[in-house]
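Let's take a walk through a protein together, one piece at a time. Keep the picture open beside you and look for each part as we reach it.

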Amino acid sequence: DRLPALLAAMPKAELHIHIEGSLEPELIFALSQRNGIAIPYAGVEELRRAYAFTNLQSFLDIYYAGASVLITAQDFYDMAWAYLRKAAADNVARAEIFFDPQTHTARGVDMATVIDGLHRACADAQKQLGVSAALILCFLRHLSEEDAFQTLEQAQPFLDKIIGVGLDSSEVGHPPEKFARVFARCRALGLHLVAHAGEEGPPAYVWSALDVLKVERIDHGVQSVRDAALMQRLARDRIPLTVCPLSNQKLCVFPDLQHHNLGRLLEAGLVATVNSDDPAYFGGYINENFTQTFAATGLGATQAYQLARNSFEGSFGDATQKQQLI
Ligand code: ADE
Ligand code: ZN
C-alpha cells in the first residue's frame, strides 16, 4: 500500500496549528526548569497521562496551564522552531500559525516578546528549512471584546509581522457576534480574517462567522453538515474549512475516526483541508492526521491530491507563491 508514502511525501499547507498546542511535554519541563516555574506534574509521563479529554474545555484547561512556562522571546522561538522542523519533515511548504497572545500578556509577558520570538522562528524557517511561515493572532473568545481591542492595540506596532486574526478558545456560549466590532476594525486594517466555528458549536455560529465577522476561512466547521443551506453556501463561495481529525477524535466531537465526516465534506464539493490543531496534545502532527484518517475512513489518492490542492488554494500566501505550490 503506497498511500501512506504519498500522504507523507506530497507538499501541503498547514492552515490550522496553534503554536502553544505544539509544546511537547519534554519542552514544557525544560522551560519550567529554565524559568523556575513549577508545574503540578511529577514528570513527562504523568503529564502525558493527563491528556485524556472529554470535550474542548477539558483540553483548554490543561493547554493554558502548559503555556504558563513560556516567558522569554527565546522560549517562543524554541517552541516555534521545534514545530517548524516537524512541519518541514512532513513536507509542509506553507504554515499559517495561530498564537494566543492574551494567554501570555495576562501573565505579564509583553506582546513584543511573544511576536519577536515567533517571528524570528518563521524567518529562519524560510531561510534554513524552505518553509514559508506566517503568523495569525487569535483573540480568546471567552474574554471580552474590550480585551480583544486592547490586544489589537498592543499588536499595532507589529502588524507587519502578522497576516491576520482569528478567534479561538471556548466556543459554545461565545458566538462570533460578540466580536463583530473588533473584526470590522481588523478588516479595515487589511488583515486576513478567520474564526473557529462549528467545532462543538452549531451551524448558526458558522453563518455568523461568515456574515457578521466576514471571515475568509472557517476553522473546523465540521458541524456544518447539519445545515444543507450552509453546505451550499460554503461550496458556492469556496470557503475553506480547516479540519483537524485527530483533534475532533480526542475532544470527542466524533466517537472515532471512522465516523469523521471529512469524506462527506469533500463529496459536497467543499474546500476542506487536513490540519493538526494542537499536535502535542492530540497524538500527531499533520502527516499523522492524514495517515490515520485515511486508514480509518478509506479515503484514497484522489482525495489526497484534492486535500493538498485545497490547502494551497485556502492559504493566504501571495498569488505567485500559491501558483508555484499548486
Ligand atoms: N485553542 C487551541 N485549540 C483549540 C481548539 N481546537 N478549539 C478552540 N480553541 C483552541
Ligand atoms: Zn484550533
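Let's start inside, with the largest nonpolar core of this predicted model. This core has 91 residues, and the ones touching the most other members are Ala 80, Leu 84 and Leu 118. Which helix gives the largest share of the core? That's helix H5, residues 73-89, which supplies eight residues. A bit of background helps here: in soluble globular proteins, nonpolar side chains tend to be buried together.

Now zoom in on Ala 80. Which residues does Ala 80 touch, if we leave out those up to four places away in sequence? The answer is Ile 19, Gly 117, Leu 118, Ala 121 and Cys 122. You've met one of these already: Leu 118 was named along with Ala 80 among the core members with the most contacts.

Follow the chain on from H5 and stop at Asn 91, in the loop between H5 and S2. Asn 91 has a positive phi of about 60°, even though it isn't a glycine. Is Asn 91 buried or exposed, or something in between? It counts as partly exposed because it has 16 C-beta neighbours inside 10 Å, and a residue needs 20 or more to be called buried.

Next, the sheet. Eight strands make up an open sheet, in the order S1-S2-S3-S4-S5-S6-S7-S8, and the pairing is parallel. At the edges you'll find S1 and strand S8 (272-274), each of which pairs on one side only. Neighbouring strands in this sheet are turned by 25° against each other on average, if you ignore direction. As for what joins such strands, the strands of a sheet pair through backbone hydrogen bonds, either parallel or antiparallel.

Let's look at strand S2, residues 92-99, in more detail. How many of its residues are buried? Eight of eight, so S2 is mostly covered, using the cut-off of 20 or more neighbours for buried. On one side S2 pairs with strand S1 (residues 12-18), in the parallel sense and over five bridges. You can trace this pairing residue by residue: Ala 13 stands opposite Arg 94, Glu 14 stands opposite Ala 95, and Ile 17 stands opposite Ile 97. S2 also pairs with strand S3 (residues 132-140), again running parallel, this time through six bridges. Here Arg 94 turns up once more, standing opposite Ser 132 in S3. And S1, although it's an edge strand, is mostly covered too, with seven of its seven residues buried.

Beyond S1 comes a loop that leads to helix H2 (25-35), and Glu 24 is found in it. Glu 24 counts as partly exposed because it has 19 C-beta neighbours inside 10 Å. Glu 24 and Ala 38 are 14 residues apart in sequence, and their C-alpha atoms are 16 Å apart in space.

Time to find ligand 1. Which residues surround it? Going along the chain, they are His 18, Gly 21, Leu 56, Tyr 63, Asp 168, Ser 169, His 196, Glu 199, Ser 247, Asp 277 and Asp 278. Sort this shell by type and you get two nonpolar, five polar and four charged residues.

One member of the shell deserves a closer look: Asp 277, which sits in the loop between S8 and helix H14 (279-282). Its phi is near 65°, a positive value in a residue other than glycine. Why does Asp 277 count as buried? It does so because it has 29 C-beta neighbours inside 10 Å.

For contrast, let's end with two helix residues. Gln 128 is placed in helix H7, residues 111-129. With 12 C-beta neighbours inside 10 Å, Gln 128 counts as exposed, because the cut-off for exposed is 12 or fewer. Gln 128 and Arg 85 are 43 residues apart in sequence, yet 9.7 Å apart in space, C-alpha to C-alpha. Our other stop is Pro 4, found in helix H1 (residues 3-9). It counts as partly exposed because 14 C-beta neighbours lie inside 10 Å. Pro 4 and Ala 82 are 78 residues apart in sequence and 23 Å apart in space, C-alpha to C-alpha.

Notes. Residues numbered from 1 in each chain as written. Chains lettered and ligands numbered in written order. Predicted model: local features only at pLDDT ≥ 70, side-chain atom pairs only at ≥ 80, totals over all residues. Core = buried A, V, L, I, M, F, W, Y, C linked by C-beta atoms within 7 Å. Helix = DSSP H or I, 4+ residues; strand = E, 2+ residues; numbered from the N terminus. Contact = placed C-beta atoms within 7 Å. Pairing = 2+ DSSP bridges. Near = placed C-beta within 6 Å. Nonpolar A, V, L, I, M, F, W, Y, C, P; charged D, E, K, R; others polar. Axes fitted to C-alpha atoms, helices over the stretch in contact; angles between N-to-C directions.
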